[in-house]
Amino acid sequence: MSSWMVGIDTGGTFTDLIAFEVDSGELRVAKVSSDPGDPSSAVMAALDELFATGVEPADIASLVHGTTVATNAILEGKGVKTGLLITEGFRAVYEARGWARPDATDLIDPFYRKPPLLAPQSLTHGIPGRIDYQGNELAPLDEDAVRRAARALKDEGVESVAVSYLFSFQNGAHEQRTAEILAEESADWRVSLSSVVLPTIREYPRQSTTVIDAYVGPNMQHYLERLSDKLVERGVETPQVFLMQSNGGLMRITIGARFPNQTLLSGPAGGVVAGEELARLTGQSEIVTLDMGGTSTDIAMITGGRADETNEGKIAGQDIGTPMLQVRTL
């Protein structure tokens, strides 16, 4: 039986597939229009083109998928309506964006506008309760305040809730209890906890990353779960089904549905990793990669044969604290 390795990249305009037969070295490609309403249908259409050439679903030994679904949701402002629960008295942390001033080019731009808050102040609620910097409880969580906030968010039609309390990376008990209360108030919500999404010091990056996770999470989760189900129904039996991460690594597609913030540069990361390999093959250790799609253009630097990495990225002005390749998205 032949053994095929398949890579699929879903962008805003086209979905591209390349298949490599391990033993013979044969390559096959397919290109189909993307479906913004259901990106998984375009992935399956590309696979159907491959299967029409005689490749059987059971012949696929591994499948790696890169996607810009999360990226485009932020660029186009098409995430879900998101609420935010914070420690009472710290409403300014998110809006002030870590008290960082705009970039130099923005300061001299007369048309500059701050990026919009993905969770506006009108959907932000301060909750009494306090954990100190060592993880000790200074004041208990006000569970009644959580329930009042949950009901207010439900009345506003919120679809996803981000929870980011002070020092939760040391002790996530208050956030975990908040998630339980939110689940009691609505089983339909996606709840993103900063103690799970990014359990690291520095309040603003952790809060912003958690809001992004909540904002794109439902769309990504539905998309990846739908795709996983369709692959099984179509007869793709291999357990080696992976999703590109923003840092250029791979994760199982089911894990990507749980941690969508790690897939924000899923599609662009694949091009950068390919650029690293091209640098190795050509002996050119200094390369600029440019990956142009229908929605965005992604630029990265490869120096010394390796792509730059960062823990402080931006997409459409939104700050992200998860590890990623240093890609500038326009």
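A salt bridge here is a side-chain nitrogen of Lys or Arg within 4 Å of a carboxyl oxygen of Asp or Glu. With that rule in hand, welcome to a predicted model, in which local features need pLDDT of at least 70, side-chain atom pairs count only at pLDDT 80 or more, and totals for chains, interfaces and linings use all residues. Residues are numbered from 1 along each chain as its sequence is written, and side-chain values use heavy atoms, with hydrogens and water left out. Helices (H or I, at least four residues) and strands (E, at least two) are DSSP runs, numbered from the N terminus. For accessibility, buried means under 20% relative accessible area, exposed over 50%, and partly exposed in between (1.4 Å probe, protein chains only).

**Salt bridges**

- The count of salt bridges comes to 18.
- One of them joins Glu185 to Arg151, with the closest N and O atoms 3.2 Å apart. Glu185 belongs to helix 6 (residues 173-185) and Arg151 to helix 5 (residues 143-155), so this pair ties together parts that are 34 residues apart in sequence.
- The two partners sit in unlike surroundings: Glu185 is buried at 13% relative accessibility, whereas Arg151 is partly exposed at 45%.
- Both also appear in a network of salt bridges that links Glu143, Arg147, Arg151, Arg177, Glu180, Glu184 and Glu185.
- Arg202 and Glu312 form another salt bridge, their closest N and O atoms being 2.7 Å apart. Arg202 lies in the loop between helix 7 (194-197) and helix 8 (203-234), and Glu312 in the loop between strand 16 (309-310) and strand 17 (313-315), so the pair ties together parts that are 110 residues apart in sequence.
- Here Arg202 is partly exposed, with a relative accessible area of 48%, and Glu312 is exposed, at 57%.
- Glu309 and Arg306 also meet through their side chains in a salt bridge (3.4 Å, N to O). Arg306 is exposed, with a relative accessible area of 52%.

**A strand hairpin**

- Strand 13 (residues 287-292) and strand 14 (residues 297-303) pair in the antiparallel sense over six bridges; two strands count as paired if DSSP finds at least two bridges between them.
- Four residues stand between strand 13 and strand 14 in this hairpin.
- To find a point of register, look at Leu290, whose bridge partner in strand 14 is Ile299.

**Positive phi values**

- Most residues other than glycine have a negative phi.
- Phe167, which is not a glycine, has a positive phi near 55 degrees. Its place is the loop between strand 9 (160-164) and helix 6, and Phe167 is partly exposed at 24% relative accessibility.
- Ala316 likewise has a positive phi, of about 50 degrees, although it is not a glycine. Ala316 is found in the loop between strand 17 and strand 18 (318-320) and is partly exposed at 35% relative accessibility.

**A nonpolar surface patch**

- Met5, Ile18, Phe20, Val22, Leu27 and Val29 form a nonpolar patch on the surface, with about 550 Å² of accessible area together.
- Patches are made of residues with over 30% relative accessible area and no salt bridge, where like charges are joined within 9 Å and nonpolar side chains (Val, Leu, Ile, Met, Phe, Trp, Tyr) within 5 Å. Accessible areas come from the Shrake-Rupley method with a 1.4 Å probe, and for residues only the protein chains shown count as cover.
- Strand 2 (14-21) and strand 3 (27-33) each supply at least two residues of the patch.
- Leu27, in strand 3, is exposed, with a relative accessible area of 53%.
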